[in-house]
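Student: I'm new to this structure and would love a close look at one part of it. Could you walk me through the surroundings of the ligands and the helices that help to form them?

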Amino acid sequence: MESARRPLVSQLWVKNRRNEAVLDPERPALSWKELQPKSGRGLCLARVLHRARGLIGRLTEQYPSVCHSVPISEIIAVETEQKRYNSDTWQKFNHHAFTVHYAQRAQKHCWRCSAVTFWCKDEELCHQWIQAIKKLLELQTSRPKHLLVYINPYGGKQQGKQIYEQKVAPLFSLASITTDVIVTERANHAKDDLFEVNLEKYDGVISVGGDGMFSEVMHGLIGRMQKDSSIDQNNPSAPLAPCNLRIGIIPAGSTDCICYATVGINDPVTSALHIIIGDLQHMDVCSVHHNNTFLKYSVSLLGYGFYGDVLKDSEKNRWMGPTRYDFSGFKTFLSHHYYEGTVSFQQANQTLGSPRDKSTCQSGCYICKQSTQEVEEKRKRHHYNLEETEDDGDWKVIRGKFMAINAANMSCACPRSPKGLSPAAHLAAGTIDLILVRRCSRLNFLRHLVRHKNQDDQFDLAFVEVYRVKTFLFTPKHSENEDTDNKDVRKKHFNQICNGNHSSCGCNHVNSIWNCDGEALDHAAVEVRVHCQLIKLFARGIEEDSKP
Ligand SMILES: CCCCCCCCCCCCC/C=C/[C@@H](O)[C@H](CO)NC(=O)CCCCCCCCCCCCCCC
Ligand SMILES: Nc1ncnc2c1ncn2[C@@H]1O[C@H](COP(=O)(O)OP(=O)(O)OP(=O)(O)O)[C@@H](O)[C@H]1O
Ligand SMILES: [Ca+2]
């Protein structure tokens, strides 16, 4: 037992160079460092340079040899080397070699699977190393072994199936992860399936597609949990049962904002590596109700006004793929609509930070960690039927004319807006950032939009307000029935570019619609409530400095 904790130290060869390799179960990491320049007959320029560097290093007492180190948690697999090297090396080491595959940080937030082959002088040493690494890998208990994968073949640029087969499946198989793969045949296929399937045999569910596909998987899992726990989703104040299974996202959509804001990039290989090493990121979920009837859950953006109108227009142009959003965004910007209504909300406790904080939510965020403890205690109290003590403040009511009402449950960072709609929003603190953009000129609205792209403070504009909240209500000024009947009211909302036939401007509504993670809601009057850390993802949040 004692020997299992001691480091394994051996001389192994990497690319024909003698290295000292150390496998330290205490750190726990695998590291290797070149011991001396390659020996052998013959002279080549590289070797001369190498020796000169070694000599200079020794003279200055700094031998310039790089130490490589890989945490065990980031090793993907270890395997006996098959004969793929030139026969010289193969003969020299009598066929004894093993290869370690590991996750390596490439560019910012982008990970790649790298490999290093270690050559051993004898078979026993080779076997000892492979067994020692495998033993340490077995201790990585958070890694998934069996996954359920849903692929939307029509999301984004319709590349979901190819992306999964070419970039992800080979990595899962290298990591000995087995999968049941379902290519969806219709919308809601994944969601419906998750209500029926035996989930006990899986360690996670993977969504290959965009935010809409993720939303389907999430609705399936949350809905299933509530059904199994006899919780009525129509009750807006019911404490929801959290989901134990983690969800992985392989981005293949048009916005991929949930992936981008939880991993830092929308790259299928990076996401596959986070899944393999069993990363964990808790995430808040908002429930949306209308008159005590459950409508939907949201994790990224609930947007009324501008983003609702963009969505509505873009749905007609799904054939355009991701470009549909830019096209409809431009049209919606020109149509320049505002909507009247009342927003009521309770501001969250100040310990949960402010939307105007300069620091952002990152891997290991202390505000989210604090919420993990609180949510655990709250669930325990609920389990033992103990009383709740909510210390939320008074309700604030704002009546007005709005260009946009955006509720960001996370930063909503995506390739179109790398900082997102609310750069300081938290993934798992149990809060939403409510952004109110009041009626303003076209030029001012453009200034607001441009700030989604640059470094300027998005909220430092006279017509923009932002609040960190746990729950809010929205009531449109005009009743929802009026919206379809009252043509006179519609006319009041015409503007320069609308010629009155409304076929192209999409302005034939007094009310806008809610864009809920890219899906349209059927009602404008809503009650929204955040459920702290309801779901878990195979991710780790944004790493501060991803490249070592
Ligand atoms: C001048 C440049 C301004 C550029 C401003 C870019 C803002 C981009 C903000 C993206 C925020 C995404 C929030 C995430 C929402 C997701 O849950 C949802 C589902 O995937 N995606 C969308 O609704 C997809 C929403 C996509 C919205 C695209 C809006 C594009 C606006 C273009 C306006 C151009 C005006 C030009 C005037 C000369
Ligand atoms: N086989 C299918 N046929 C038609 N629609 C599907 C199918 N499978 C899933 N869907 C639906 O397609 C919708 C959009 O999918 P997805 O989110 O993957 O792509 P996207 O909308 O292009 O990307 P994003 O949501 O990132 O903007 C989802 O709402 C999902 O319910
Ligand atoms: Ca949140």
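Tutor: Sure! First, a word on terms: helices here are DSSP runs of H or I with at least four residues, numbered from the N terminus. Keep in mind too that this is a predicted model.

Let's start with ligand 2. Its shell takes in 22 residues, and the closest are Gly 155, Gly 209, Gly 210, Gly 212 and Gly 253. Which helix gives the most to the shell around ligand 2? That's helix 7, with 4 residues. Sorted by class, the shell around ligand 2 holds 12 polar, 6 charged and 4 nonpolar residues.

Now stay with helix 7 for a moment, since it has a packing partner. Helix 7 covers residues 211-228, and it packs with helix 6, residues 189-196, at an angle of about 25 degrees, the axes being 8 Å apart. Angles under 35 degrees count as roughly parallel, and therefore helix 6 and helix 7 are described as roughly parallel to each other. Their crossing is right-handed. On the helix 6 side, the contact is made by Ala 190, Lys 191, Asp 193, Leu 194 and Phe 195, while helix 7 brings in Glu 216, Val 217, His 219, Gly 220, Leu 221, Gly 223, Arg 224 and Lys 227. Split by class, the residues of this contact come to 5 charged, 5 nonpolar and 3 polar.

On to ligand 1. Here 27 residues surround the ligand, with Asp 211, Thr 255, Tyr 325, Gly 329 and Gly 518 as the closest. The class make-up of the shell around ligand 1 is 14 nonpolar, 8 polar and 5 charged residues. Three helices each supply at least two residues of this shell: helix 10 (306-314), helix 11 (323-335) and helix 13 (442-450). Helix 11 gives the most, with 5 residues.

How do helix 10 and helix 11 pack? Their axes are 8 Å apart and the angle is about 125 degrees, which makes helix 10 oblique to helix 11. Helix 10 passes helix 11 in a right-handed crossing. From helix 10, the residues that meet helix 11 are Phe 306, Asp 309, Val 310, Asp 313 and Ser 314, and from helix 11 they are Arg 324, Tyr 325, Ser 328, Gly 329, Lys 331 and Thr 332. This contact of helix 10 with helix 11 has 4 charged, 4 polar and 3 nonpolar residues. Two names may ring a bell: Tyr 325 and Gly 329 of helix 11 meet helix 10, and Tyr 325 and Gly 329 are also among the closest residues to ligand 1.

Finally, zoom out to see where all this sits. The chain has 15 helices and 21 strands, and buried residues make up 41% of its 548 residues. Of the contacts between residues at least 6 apart in sequence, 75% join residues at least 24 apart. For an example away from the ligands' closest residues, take Ser 176, in the loop between helix 5 (160-174) and strand 9 (178-183). Is Ser 176 buried or exposed? Ser 176 counts as exposed, because it has 12 C-beta neighbours inside 10 Å.

Technical notes:
Residues numbered from 1 in each chain as written. Chains lettered and ligands numbered in written order. Predicted model: local features only at pLDDT ≥ 70, side-chain atom pairs only at ≥ 80, totals over all residues. Near = placed C-beta within 6 Å. Nonpolar A, V, L, I, M, F, W, Y, C, P; charged D, E, K, R; others polar. Buried ≥ 20, exposed ≤ 12 C-beta atoms within 10 Å, placed from the backbone. Contact = placed C-beta atoms within 7 Å. Axes fitted to C-alpha atoms, helices over the stretch in contact; angles between N-to-C directions. Parallel < 35°, antiparallel > 145°, perpendicular 65-115°, else oblique. Left-handed = near helix turned anticlockwise from the far one by under 90°.
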